[in-house]
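Biologist: Could you take me slowly through one part of this model, namely the nonpolar side chains, both those on the surface and those packed inside? I am new to reading structures, so a connected account would help me.

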Amino acid sequence: SLESITVAAGNEHYKSVDGVLFSKDMTALVKYPSNNKLTSYTIPSSVTTVCGSAFDVCKVLKAVTIPASVTNIAHHAFTVCTALESFTVAAGNKYYKSVDGVLFDKGMTTLIMYPENKKLKSYTIPSGVTTIKGAFIRCPGLTSVTIPASVTRIEDLAFASCADLTTVSIAKG
């Protein structure tokens, strides 16, 4: 039920802006409150790192915009974001890219995160992707995923808790 984080003005290590917790220098987004009432959030342009579990269990957030400054998104940064429908990545970002709201690395070789509430029945991973991270954790309504022959690595928890997923097709290599 965390809605906002407040850090005392004299704190040497952390800072809060609009209820979101950052490192003092604003280069790391540490924690976005799980029950913050915003439906969209643009990560500040000073941020280079989104910490692990930073957006964990977000209940209202539907869209996240990632600026060009972000160079590192930790594993499981967006776990159990039940309302999340899309990612948008600034065109100038050298490390990440979004295609149809899905988050990839810039070279489109790693599928990082499929938004939990994307509301598609089926999804075809683009050809050229070689790695699937924990991308499909909790994907209600998604019944089918097609994996291209280019995929050589599927990491742990890639399809965790996808209760509606009935078919995963892997193309012949």
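**Nonpolar side chains, from surface to core**

Modeller: Val168 counts as partly exposed, because its relative accessibility is 39%, and partly exposed lies between the limits of 20% and 50%. Please keep in mind that this is a predicted model, and that the values I give are computed from it. Val168 is found in strand 16, which covers residues 167–170, and together with Ile154 and Ile170 it makes a nonpolar surface patch of about 260 Å².

If we turn from the surface to the inside, a general tendency is worth having in mind: in soluble globular proteins, nonpolar side chains tend to be buried together. In this model the largest nonpolar core has 27 residues, and those with the most contacts inside it are Ile43, Phe55 and Phe78. Several strands feed this core, since strand 2 (20–23), strand 6 (63–66), strand 8 (86–89) and strand 11 (110–113) each supply at least two of its residues. Phe78 shows what such packing looks like for one residue: leaving out residues up to four places away in sequence, Phe78 touches Phe55, Val64, Ile73, Leu84, Phe87 and Met113. Apart from this core lies another, of 19 residues, among them Met108, Ile125, Ile132 and Phe136.

Aromatic rings add a further layer to the picture. Ring pairs link Phe55, Phe78 and Phe87 with Tyr32 and Tyr41 into a cluster, and the count of aromatic pairs comes to 9. The pair of Tyr123 and Phe136 is tilted, because the planes of the two rings stand at 55 degrees, with their centres 6.2 Å apart. This pair links distant parts of the chain, as Tyr123 is in strand 12 (residues 122–124) while Phe136 is in the loop between strand 13 (131–132) and strand 14 (144–147), 13 residues apart. Tyr123 counts as buried because its relative accessibility is 9%, and Phe136 likewise counts as buried because its value is 0%.

Finally, let us look at Val89, which has its place in strand 8. Val89 counts as buried because its relative accessibility is 11%, which is under the 20% limit. Leaving aside neighbours within four places in sequence, Val89 is in contact with Ile66, Tyr96, Lys97, Ser98 and Leu103. The fold also brings Val89 and Pro67 to a C-alpha separation of 6.1 Å, although they are 22 residues apart along the chain.

How values were computed:
Residues numbered from 1 in each chain as written. Predicted model: local features only at pLDDT ≥ 70, side-chain atom pairs only at ≥ 80, totals over all residues. Heavy atoms only, no water. Phe/Tyr/Trp six-rings, centres within 6.5 Å; stacked < 30°, edge-to-face > 60°. Helix = DSSP H or I, 4+ residues; strand = E, 2+ residues; numbered from the N terminus. Buried < 20%, exposed > 50% of the residue type's maximum accessible area, 1.4 Å probe, protein only. Patch = residues over 30% accessible without salt bridge, like charges linked within 9 Å, V, L, I, M, F, W, Y side chains within 5 Å. Areas by Shrake-Rupley, 256 points an atom, 1.4 Å probe, with all protein chains shown as cover. Salt bridge = Lys/Arg side-chain N within 4 Å of Asp/Glu carboxyl O. Core = buried A, V, L, I, M, F, W, Y, C linked by side-chain atoms within 4.5 Å. Contact = heavy atoms within 4.5 Å.
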